[in-house]
Amino acid sequence: MTLYTFGGNASAVLTTTTGDVVPDYPVLVRAAGTGALITALFEEDGTTPIAQLRSNPASSDQPGAIRAFKADGYPAIEYEYNGPSGDPVRLYEASREALTSALEGLNSKLDKTGGTITGNLDVTGTVDVQELLVGGQPFEAGADWSEAGIILPATADGAGIQGALDAARDAGGGWVIVPPGTYDVSSLPLRIYRNTRLTLTTGATIRRAGTGTMLLNGDAGQTFGGYTGHGNIIIEGGVWDCRAPAYPTSAMCISIGHAEDVTVRDTVIKDVCGFHGIELNAVKHGRIINVTALGYLDPDGTRTFSEAFQIDLAKGSSYFGGFGPYDDTPCTDIVVEGCSVGPSGTSGTSSWPRAFGSHSASPGKPHTDIRARDLRCEDLSQFAIGGYTWQDVVISGLQLRNCGAGVRMRTLDSSSASHRTPAGGSTPTITGSQPLHNIVIDDITMEGGGSYDAAVRVEGEDTGYVGQVVISNVTTRDIGAQAVRLVDVEDYTVDNVSAYNCGATAVSTLGTRRGRITAHVNGTAGAGITVDSRSTSASTATDVAVRGCSVTGAAANGIHIWDGTDVVVDGCDVYGVTGFGIQVSTNTARPVIRGNRVRNTTLAGINITSTCTAVRRYGNTPGSVTDASTNPNTSPYDSGAGLLPPAIKSGDTPRSSTVTTAADPHLSVPVEAGATYDVECVAVWTTGGGGLRATWSAPAGSSMTWTDNDGVGVASPTGVVTFSGTTGTTFKGTLVVGSTAGALALAWAQNTSNASATTLKAGSRLELTRIV
């Protein structure tokens, strides 16, 4: 057992982005380079095992620090912990023993007169070498680097590369380095095996010189199931030129199946024909980092949907032809980061249809834990990211230019019988779709394009909703479709969408439920924002809030609600649209329209059709309102029990030479049908001799028992109490409203007609408290 020491140094401290330490936080330890999880951890004494490494607690003298510990068999590690975004963060550290050995070796071997290093030398950065010698001779492909653990191709062709890969296999693993040059490969595929690092140096290009996949992990006929095939592989650097115009037969560039811990990074893939630049099929812990995929050729017009980077499941030989078994193993823990996809400029090729995605499925086999970030795409004909049966997904940092569409997340398509049939089956095992959950789409910028679909589209089915969806910070300009389109989605938020000049409704939903939308829209060929539940199972359970939106320049209604229940349009600003500012139609039940400002519309500011029911609208500045619904509630107050805002007289009201009661212009409070209220009115007046008589104006069908502080009891709202010399009183009573809503107002006049006015004074008030 060889133990190496880590931690216990100034750099091994967990901190936030603002510099605060993070105490008592779990940390994983992985092998540097391969990412393999290290479980043989010990305290600094080298004997006491550590079950879970954590940063020091807050009570420690060094809170947040990683204490000194030992790991068995690994001279360099990577700490891994969950960052604020939920994605893993990895930090490299070399062991104390390795650093000491390296310094001692350099001191004794690399003095000014030169020297010899025995063992491996890892260099981070640049080494400036005047002339590189191997065995005293200038560097060449045939040199023997075996003592350094490096394998070079014996010849500058495909056979030389395959020979080096075979040598690594036979040694149980190795590092194959391909020197600068052009390597034509006619016997395909090249085959790479477990525990191999394949590095193409700068200036190295591997070119297709025959038909077939260029690189495959393993042999035909192998039977490694699940993730047990040839893994722990790194493929990096150089250029893979698939030469589609010269070899116009569909094939992969790099194809990986049934594997764990595979990384493809810092390489260029050019001019693929028909299939994919990189396919990860039944892969766990896959990484595609800083890969540029340029140029694609559809050989016969049937491959309009190919992805530069595809993840797939082991469903059958027509899905993955390299080898089996076909056990329906999906992909999990996949990262695509810092990549670029577009055209190569090679004559006869175009840009890719899609950058990253999937297009096959089996029941109950979603791909999980997928992250795509910092991806740039140009001139794609379809989606940049097409997530098909993906679950637990984070997509962020996409820049799209003139692409057919942006991001699509989709549940299993029930119209495809093959996708409802598992691997090896002959008939479907499910009848509909299946739900998916946990989708985060953030920081999407799309300029131009949109001829194929929306910048962001999330779609389920009535038999399989997409749930727990977060869409934020989507910016589009001059696209031909929607900025955001949602179909059969539940428990979602759409925030900070900025859509300029969309060729369709900017934010469009169908059959969604329990969601919130916030967006700014300037210019659309359709409506600004729509919430539509027509002909969907969600039509009676929508529960969507459209809040804090601004819409201008729409060629149709600013905001349109179709069908559904309990939709709220709140605090929105709509102006300069062709149509209604806010339209509610088609059997919408219990909508709430409040606090909106609408202006400069060609039709009514707010329009509500006759099929809508239980409408509540208040606090709007609409310009004009057309409301054909039955008994809309325009009260701004809660419908539950409690004190309503009082009516307080803002000025004196004099009345003379009249004994005919009339409602006071100030002392009036709205009441709802079927409600019961406690009533209190404090009235103060002056009289020139005519006194005062008082009664009530209440909705038809109401009943009321009431009294004043002189003890007079009245059993009807239309009963009268009179005062001769008194100049003030308090009325109290109970009002029961019938089936008609309206307002309760104090009605009064002089008790006896007198030319000298009786004046009800400012400050008098009417208060209602709903008790039923």
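These legends go with close-up views of the cysteines and of a small set of strands in a predicted model.

Residue numbers start at 1 in each chain and follow its sequence as written. Local features here need pLDDT of at least 70, side-chain atom pairs count only at pLDDT 80 or more, and totals for chains, interfaces and linings use all residues, while side-chain values rest on heavy atoms, leaving out hydrogens and water.

**View 1. C242 and its cysteine neighbour.** Count a disulfide as a pair of cysteine sulfur atoms within 2.5 Å, and the model has zero of them. C242 is in none: the nearest cysteine sulfur belongs to C253 and sits 3.6 Å away. C242 is also buried (under 20% relative accessible area with a 1.4 Å probe, protein chains only; over 50% is exposed, and in between is partly exposed), coming in at 1%.

**View 2. C502, too far for a bond.** Here the closest cysteine sulfur is that of C549, and because it lies 13 Å from the sulfur of C502, a bond is out of reach. C502 counts as buried too, at 2% relative accessibility.

**View 3. An open sheet of three strands.** Strands are DSSP runs of E, at least two residues, numbered from the N terminus, and two of them pair if DSSP finds at least two bridges between them. The order is β1-β4-β3, with antiparallel pairing. β1 (3–6) and β3 (41–43) are the edge strands; each has a single partner, so one side of each has no neighbour in the sheet. From one strand to the next, the twist averages 35° (axes are lines fitted to C-alpha atoms; angles run from 0 to 180 degrees between N-to-C directions).

**View 4. Where β1 meets β4.** Four bridges join β1 to β4 (residues 69–72) in the antiparallel sense. Across this pairing, T5 faces K70 in β4.
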